[in-house]
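Biologist: I have some questions about how the inside of this protein is packed. Can you put the model up first?
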Amino acid sequence: MKSLFFLLFFLINYSFAALPNLTHRGVRDKMQQILTIHVTQKAIDQDLSRKILALFLEEIDPTKTYFTEEDLGELTDPKTPLLDEMVTNFRYAKYPVFYAIREKFVEAIQRRRLLEEEVENLPLLTEIPKVAWDELGWTKSTQELKDRLLLVRSLQEETARTLDKETQEIYRKMVKKRRNINETSVLTHEKKAQENWILIHVLKAFCTSLDANTSYFTPREAVQFMIQVQQRLFGIGAQLRDTFDGFSVVRVLEGGPADLSGKLQRGDRIIAVDAEPIVGLSIFDAVEKIRGEKDTPVRLTILREQTEKSEEITKETLEIEITRGEVVLEESRLQTDLEPFADGVLAHIKLFSFYQDPNHSSSKDIKKALEEAQKEAKVKGVILDLRNNSGGLLDEAVKVSSLFMDNGIVVSIKDNQGHVRRSRSQGGKAFWNGPLIVLTNKVSASAAEIVAGTLQDYGKALVVGDTRTFGKGTFQTVTLDAASQGKVSDQGEFRVTRGIYYTASGKSPQLVGVTPDILVPGPLHALDIGECFGKFPIDNDTIPPCFEDDLSDIPLLQRKKLGSYYQKYLQEISSFYEPYKPILEKNSATRIEKSAQYQCLIKETEKEKYDPATLEMLGKADPQLQECFHIMKDLLSLMRTDPSKTPLSYAEGA
């Protein structure tokens, strides 16, 4: 077992079998291993078996458009004898109920295919009811199932009508293609593939039944997860979109192998990889074939449209070869903007995730960005933008916090045995000790909440944003076989919730999130987003505050090494921002009330069918960020009028 923090120091081998190599006993052993690690659940009992069964059904039929209540019978409300049988079978690595469900699913797929043919000839619904798919129950009859399929088709056609004619047809084909791929994986006659399909979904249902963040990853999903954490991969550096008759290049990443080769262009359609056609594959299978080990070649067959002088569009088939290399997803890491103010600038640093690889890390990149900003002009204030930041590495959350505070406890972690481990800022004086605002929204989560909550606890920053953050106060361990040298296991990997974390005040953001000092709503503020809306979340918890750090939790020898230097620069709780908060809040509320653009945003978010991605009327404007800049400017103006209350130094980290 190795933690996620260990994983990041390896290069992942991206070649693996398309399906995990699972066995009955192997699944049983993995379940027992996870239960040993998990923060609360320690055994499979009746209640857990009921959850696993319900989640298995939801996993394979999430829209409830295959099974009916009659198909499932007792499975929707299992009684004690069935649950006891399941508990025993889990113990002996037997899964008969899930094999029986698969057989029922095969029949349900065949029935749906016939019903789809009938629905194709029915008129679409003229009035489409608002549907909360996650709240729908199973249909009671075949006719009711047919009605639901008509609703699905009507919704799909409503979406299609928003597209141009050519794209409409592609969209319809894509819908059928995706359904066909999913159904084909169930209908396979290959016994090992059938067994794998069942065991994959058993593991996924088991993990989800423990809590919202415990997960099973197939080998392919494990690679995707690590790419997300590291924000890097080995491939050609191109973003693709499935266009049914190939995979269209929507972007060539700057500095990547494809960009440096000059051979691939935006709009090219990839139809084969190493002479093997990829039309008809899922995008995951296609991408897997294109990625590979560093410095290895990949041969792509592409279709490229060209406009002749007569304005006639022709298509040319080309064979190109690109050598794979490391692709760092810079735009998914950090972005810095400087806005002039008075005799200096305000630095806006948007951090997309908490990452680390052998050459880069979020904390190093933030420090470098501030150093470069100071070279250009005098930095008067910093806005650390953690909106949409879903977290990442815990160690990096500690290091990012350390840039803005002196020595002290950043986060405490209580594990599944009740033991508390503390992580500290140990760098002495803060790198940046000037005015700081941390901007958050409802999807700022995990490591982002540690940074926001800790700096708020110590009074080192004003937290501005939505009513609360996401509310993920648990930490997870990711499995990796010690002998694998960083390679993804052919059985897949697991992320297991091992404990709860707390900021210096002893409070955990679990379920409740971090509350802002100044409420500035954004596009997500009215949505029901957060850990509290997930399945089976871990309860909130608190521990005593730990601002006074006596180092009693670490070995005596290490305590002596830290010694007086650590205690000399121990971070104290600052009340610097407190006198300014009332007027900052009042000014902000007044601006929001009078801003036509902001009121337009708020009105849009209150609509029944509101989708944050459709705020086209606001263009590229970001009212939430702009208001954050106004708050910072207000703060700096107030500080100038009362210099006696300004213990902060702009040049601390220069």
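**Cores, a helix face and a glutamate**

Modeller: Here it is; note that this is a predicted model.

Biologist: Start with H18. Which of its residues are exposed on the other side from the buried ones?

Modeller: Ala-596 and Lys-603 are exposed there. The buried residues of H18, which spans 596-605, are Tyr-598, Leu-601, Ile-602, Glu-604 and Thr-605.

Biologist: Why do the buried residues count as lining one face of the helix?

Modeller: Seen down the axis of H18, they fall within an arc of 160°, so they line one face.

Biologist: And what covers the buried residues of H18?

Modeller: The cover includes helix H17 (581-594) and helix H19 (623-641).

Biologist: Switching to the cores. How many residues are in the largest nonpolar one?

Modeller: The largest nonpolar core has 70 residues. H19 supplies the largest share of this core, 8 residues.

Biologist: Which residues have the most contacts inside that core?

Modeller: Phe-354, Ile-366, Leu-370, Leu-384, Phe-404 and Leu-436. Beyond its neighbours within four places in sequence, Leu-370 is in contact with Ala-347, Ile-349, Val-382, Phe-404, Phe-431 and Trp-432.

Biologist: What does the second core include?

Modeller: That core is separate and has 46 residues, among them Val-27, Tyr-66, Ile-101 and Val-106.

Biologist: Last one, Glu-183. Buried or exposed?

Modeller: Glu-183 counts as buried because its relative accessibility is 3%, and the cut-off for buried is under 20%.

Biologist: Where is Glu-183, and what is it in contact with?

Modeller: Glu-183 is in helix H8, residues 165-187. Leaving aside neighbours within four places in sequence, Glu-183 is in contact with Tyr-66, Ile-109, Arg-112 and Arg-113.

Key:
Residues are numbered from 1 along each chain as its sequence is written. This is a predicted model: local features need pLDDT of at least 70, side-chain atom pairs count only at pLDDT 80 or more; totals for chains, interfaces and linings use all residues. Side-chain values use heavy atoms; hydrogens and water are left out. Helices (H or I, at least four residues) and strands (E, at least two) are DSSP runs, numbered from the N terminus. Buried means under 20% relative accessible area, exposed over 50%, partly exposed in between (1.4 Å probe, protein chains only). Contact means heavy atoms within 4.5 Å. The arc is that of the directions from the helix axis to the C-beta atoms. A nonpolar core is a set of buried Ala, Val, Leu, Ile, Met, Phe, Trp, Tyr and Cys residues joined through side-chain atoms within 4.5 Å.
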